[in-house]
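Work through the exercises below with the coordinates open, and try each task before reading its solution.

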Amino acid sequence: MYRAHDDNPARRCDIMRLKGYIDESYGEEIFTLSCLMSDAKGWINFQFAWNNLLRSKNRFLRKNGRQHLTRYHAADCSSCKGEFQGWTTEEQVEFTKGILNVFKGKFSYGVAYNIPLRDFSVEFPEGDVIANCYNLLLKFITTEITASIKRGAEIHGPDGIKEINIALFHDRSRFDHVLANSFTSLMSDSTFSGKEYFATIQPMNSEDCVPLQAADLLAYENYKEAERTISGRRRRRTLSLLLELDSFGGRAKTFTHQNIKDLRALYMSRLPIR
């Protein structure tokens, strides 16, 4: 678990409109779902800087007769595969530093949850394990965002935010209906105290959406962070540099087997995963 500058999206203003971009990263051991949030001004500045970086890199690649980038993809960039095939380690590191520079000075807040797939599939054997992970972790992400907003409200007091509106977006996949149903379930749950903050959830194509590409970076780095607890490797430099930024804050949590067993007992008694 890391905790980066426990900033929160609830900054002082009358009305705050936030957009959160959700992406996943997973392998055989770990499933990660994360959400990267900012306000309208933050995302406009973010997209401008991100697109400038990609355009600059693509000019260099085309000039040298190399494959240009249609989008940023964290796993491919890290492993120098796909559109990043043939890149040297030095080139990959330099480009990643450029990506991290985009985050500088632009308010963003990330939430991520990691779940060990083998333990989860043992306790929740019904249905598609990945679909179940999407369903469950969206609820935890929205709950954590809600808690963060309420912490901010306690800090700022009655002169703080008067209204919050959050639109969520996720990378289009075969699990679109799972996230839509999970969101609908949350909005109809009388026990969910954050429903007044969330307006909608919609799928988008990451090729056409810069914030989803940034969310891909957050998901991948949190996935690798959870994976390293198994492998014993050191924390990746990319995540360390991201956490050092004053403009970035957030939380990430990883489920233990006992956490999952407790969830199973709760869902069996109340709301089983559908």
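A charge is said to sit over a ring if NZ of Lys or CZ of Arg is within 6 Å of the ring centre and within 35 degrees of the ring normal. The model is a predicted one, in which local features need pLDDT of at least 70 and side-chain atom pairs count only at pLDDT 80 or more, while totals for chains, interfaces and linings use all residues. Residues are numbered from 1 along each chain as its sequence is written, and side-chain values use heavy atoms, with hydrogens and water left out.

**Exercise 1. Rings around Trp 87**

Task: Find which charged end sits over the ring of Trp 87, and describe the aromatic pair that Trp 87 and Phe 95 form.

Solution. Begin with the charge: the charged end of Lys 57 sits over the ring of Trp 87, at 4.7 Å from its centre. Next, apply the pair rule, under which rings of Phe, Tyr and Trp (its six-membered ring) pair if their centres lie within 6.5 Å, with planes under 30 degrees apart counted as stacked, over 60 as edge-to-face and the rest as tilted. By this rule the count comes to 19 aromatic pairs. One of them joins Trp 87 and Phe 95, whose centres are 5.4 Å apart and whose planes stand at 85°, which makes the pair edge-to-face. Then check burial, where buried means under 20% relative accessible area, exposed over 50%, and partly exposed in between (1.4 Å probe, protein chains only). Trp 87 is buried at 7%, and Phe 95 is buried at 4%. Finally, follow the ring pairs outward: they link a cluster that includes Trp 87, Phe 95, Tyr 72, Phe 84 and Phe 103.

**Exercise 2. The largest cavity**

Task: Determine which elements give two or more residues to the lining of the largest cavity.

Solution. First fix the term: on a 1 Å grid over the protein atoms alone, a cavity is a set of points where a 1.4 Å probe fits but cannot get out, and its lining residues have an atom within 4 Å of a point. Points are joined across faces, edges and corners, and a volume is the space filled by probe spheres set on them. A search of the whole structure finds one cavity of 30 Å³ or more, and the volume of the largest cavity is about 40 Å³. Its lining includes Tyr 72, Cys 77, Gln 92, Glu 221 and Arg 236. Helix 2 (74-79), helix 3 (89-103) and helix 7 (210-231) each give two or more residues to that lining, where helices (H or I, at least four residues) and strands (E, at least two) are DSSP runs numbered from the N terminus.

**Exercise 3. Helix 7 and its contacts along the chain**

Task: Establish how many residues of helix 7 are buried, and how far Val 210 is from Gln 47 in space.

Solution. Start with the span: helix 7 has 22 residues and reaches 31 Å from its first C-alpha to its last, close to the 32 Å expected, the expected span being 1.5 Å times one less than the number of residues. Of the 22 residues, 17 are buried, so helix 7 is largely enclosed by the rest of the structure. Val 210 lies in helix 7 and is buried, with a relative accessible area of 6%. Although Val 210 and Gln 47 are 163 residues apart in sequence, their C-alpha atoms are 5.9 Å apart. Just after the helix, Gly 232 takes a positive phi of about 85°.

Technical notes:
On a 1 Å grid over the protein atoms alone, a cavity is a set of points where a 1.4 Å probe fits but cannot get out, and a pocket is an open set with protein on both sides within 12 Å along at least five of seven lines; lining residues have an atom within 4 Å of a point.
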